[in-house]
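I opened a new page for this model and listed what to look up. Sheet and helices come first, then the empty spaces.

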Amino acid sequence: MSKKKSALLILVFLLAASSLAACSSKKDNAQPSASSPAASGQSPDSSGSPDGQSEQPIKFSVFYSDNATLPFKEDWLTVQEVQKRFNADIKFEIIPIADYQTKVSLALNTGNNAPDVILYQSTKGENASLALNGAIVPISDYSDWTPNFNARVQAFGLEDQVASLNLKDGKRYYLPSLYDKPFYDGGLILREDLLEKYGLQAPQTFDDLYAVLKKFKEENPDSYPLTILAGPRVLYRMTMPSYGISVGKNGADGSKTLSWDYANQTYFPGAISDQYKEYMKFFSKLFAEGLLDPEMADPIDGDKWSQKMATGKSFATYAYYDQIGGVESAATEAGFKLQMYPPLAGPAGAHHQQKSSTGSGILFPKKAADRPDFERLVRTVDEIFFSEEGAKIWGLGVEGQTYTMDGDKIKYADDIVNSPNGIYKEMQLKYGAGSDVTQLVWINAQEMTKYDENYGQINAVVAGMPDSIQPIPPTPMFDDMIAEEAASLQTPLADTFEVWADAFLTGKKSLDKDWDQYVKEMKGLQIERFTQLYNDNL
């Protein structure tokens with residue numbers, strides 16, 4: 001064979017090999033393997049395709065926790081805009097918040113009807129066991145696919161806080177919401193005009209609150225002075241810390257029956273503690289004397305709660321500052337004025353509900369990792385919720401529609417500024433901006449622009465109070481076997497606690513006569529073993 005022919009054959013071979021390699025590369029990038037989180041050398045964009053184009057939107061399903069005070073709307077500007085901008089077609093399954101954890105638990109335990117993405121979740125409680133048993137994707141294994149989340153963590157200096165969310169196997173199973181600093185968004189709200197009318201000082205302790213409510217009742221015998229938004233869980237999480245406990249459905253550590261001793265850095269069985277007994281004595285006294293709305297034992301929807309406050313059936317509440325404007329605009333009495341006050345002092349000091357720089361966020365059920373486009377799914381979710389563009393939409397809406405920029409200052413649209421609901425609540429209700437289910441990046445300075453000067457002053461007062469907002473307690477590092485044992489203990493303890501809590505509050509059971517029986521029952525359900533599991537695995 002001549003040299004000329006040999007050279008030609010070699011050239012043809014090289015061209016063919018090059019073409020095959022290129023085809024293989026395109027195939028690998030178009031369908032990334034969910035089982036291989038390592039970077040492949042190329043970084044596809046959010047669409048999952050190397051050239052930045054995708055002919056079809058990525059379709060995925062989402063569990064959404066729906067709160068009666070902020071009912072989900074498919075046509076919210078935020079919901080529509082993120083789908084358009086990030087080329088996504090999202091199917092939201094709307095689940096009432098009271099049923100949400102049960103629905104999530106069922107989906108994760110059975111794998112049946114699980115969505116691709118679950119919002120408003122963490123790996124506290126039962127989810128830790130489910131994660132370690134393979135029901136949830138270890139999203140930290142795929143950190144190359146969450147560049148926007150990673151950048152936010154670094155910008156806020158939250159590396160240690162996020163690392164603390166790892167489970168016993170050293171992996172993290174969800175993308176938490178991120179806060180540059182916690183803020184005081186809700187608490188005790190009172191009729192300030194009535195304090196002035198009756199010559200009362202703003203309460204600073206729970207004893208002060210009792211005196212104020214007694215006066216309100218004396219002047220308005222047919223009223224129930226203190227009502228609660230959305231049921232006992234809001235009251236409990238905002239007031240228990242002043243008694244040194246945090247238990248129940250919204251307990252700070254997720255155990256539902258344990259509490260964290262900040263001084264000794266250890267868990268104790270809060271549900272059967274002297275602190276809890278003292279706490280329930282106070283609120284059962286309010287209930288017995290007609291100072292506490294008897295309907296608060298069940299969830300009270302936002303409209304009913306607002307009506308109670310606006311029409312003088314109640315004069316005090318535990319709720320959120322952004323709801324004040326709506327109540328005042330619906331008020332039937334001249335001079336009606338509400339004010340939110342700093343946390344009241346109890347036996348353990350003046351504390352609001354515990355908060356962290358990380359909160360509930362996004363987890364992926366294991367079936368999501370079986371999708372051939374799992375990388376594209378993760379990258380799209382990362383952009384939708386954590387990119388600068390996506391985070392702005394969830395927090396502020398759309399520039400030019402809900403707000404404009406005047407230099408570095410945010411100016412909200414006139415209809416929002418002039419709404420009787422106030423900026424924050426109007427943004428939530430009308431546009432879906434500022435929902436803690438979907439807004440996963442929270443910047444304090446930005447959020448303060450949604451409120452009036454009064455709110456900023458309240459936050460300044462609370463910030464100056466020592467440990468007014470304590471950090472979330474640490475999560476134990478269970479391995480899968482211990483996590484299973486903890487989960488098996490947690491459910492019957494939590495269910496029993498809820499039954500007794502309602503009975504103690506409403507007087508169906510006596511704290512004096514029935515307390516020992518309650519403690520015996522909880523000990524029989526191994527609350528002490530449950531406590532030991534938490535402390536042994538910190």
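**Sheet and pairing**

I began with strands β4 (residues 175-179) and β13 (residues 358-363), which run antiparallel and are joined by three bridges. The model is predicted, and I read it as such. Which residue of β13 is the bridge partner of L175? I found I362 there.

Next I traced the whole sheet. It is open, has six strands and shows mixed pairing. I wrote down the order as β2-β1-β3-β13-β4-β16. Which are the edge strands? They are β2 (88-96) and β16 (441-442), each pairing on one side only. I added a reminder: strands of a sheet pair through backbone hydrogen bonds, either parallel or antiparallel.

**Helices on the sheet**

I then looked at what lies against these strands. Helix α5 lies across β4 and β16. Its direction runs at about 35° to β4. Helix α13 also packs on the sheet. I listed its contacts as β1 (58-66), β2, β3 (117-121), β4, β13 and β16. The direction of α13 makes about 50° with that of β1.

**α5 against α13**

How do the axes of α5 (residues 147-156) and α13 (residues 374-386) cross? I noted roughly 40°, with the axes coming within 7 Å. Angles under 35 degrees would count as roughly parallel and 65 to 115 as roughly perpendicular. The crossing angle therefore makes α5 oblique to α13.

I looked up the residues at this contact. From α5 come P147, N148, F149 and R152. They meet R379, D382, E383 and F386 in α13. By class, I recorded three nonpolar, one polar and four charged residues in the contact.

**Cavities**

My next item was enclosed space. Rolling a probe the size of a water molecule over the atoms shows where empty space is left. How many cavities of 30 Å³ or more does the structure hold? I noted two.

The largest cavity holds about 100 Å³ of space. Its lining has 16 residues. K124, G125, A128, F478 and Y534 lie nearest its centre. I checked which helices contribute: α4 (126-132), α19 (480-506) and α21 (527-536) each supply at least two lining residues. The largest share, four residues, comes from α19. By class, I entered eight nonpolar, five polar and three charged residues for this lining.

The second largest cavity has a volume of about 40 Å³. I found Y184, G187, L188, F206, M238 and T239 among its lining residues. Y318, P342, P343, L344, H351 and H352 also line this cavity. Strand β5 (186-191) and helix α9 (232-239) each supply at least two residues of the lining. How do the lining residues divide by class? I wrote down eight nonpolar, four polar and no charged.

**Second largest pocket**

I closed with one open space. About 320 Å³ lies in the second largest pocket. It is lined by 19 residues. Closest to its centre are Y321, I324, G325, G422 and D452. Helices α12 (324-329) and α16 (423-431) and strand β10 (338-341) each supply at least two lining residues. By class, I logged eight nonpolar, five polar and six charged residues for this pocket.

Terms used
Residues are numbered from 1 along each chain as its sequence is written. This is a predicted model: local features need pLDDT of at least 70, side-chain atom pairs count only at pLDDT 80 or more; totals for chains, interfaces and linings use all residues. Side-chain values use heavy atoms; hydrogens and water are left out. Axes are lines fitted to C-alpha atoms, for helices over the stretch in contact, and angles run from 0 to 180 degrees between N-to-C directions. Angles under 35 degrees count as roughly parallel, over 145 as roughly antiparallel, 65 to 115 as roughly perpendicular and the rest as oblique. Contact means heavy atoms within 4.5 Å. Ala, Val, Leu, Ile, Met, Phe, Trp, Tyr, Cys and Pro count as nonpolar, Asp, Glu, Lys and Arg as charged, and the others, Gly among them, as polar. On a 1 Å grid over the protein atoms alone, a cavity is a set of points where a 1.4 Å probe fits but cannot get out, and a pocket is an open set with protein on both sides within 12 Å along at least five of seven lines; lining residues have an atom within 4 Å of a point. Grid points are joined across faces, edges and corners, and a volume is the space filled by probe spheres set on the points. Two strands pair if DSSP finds at least two bridges between them.
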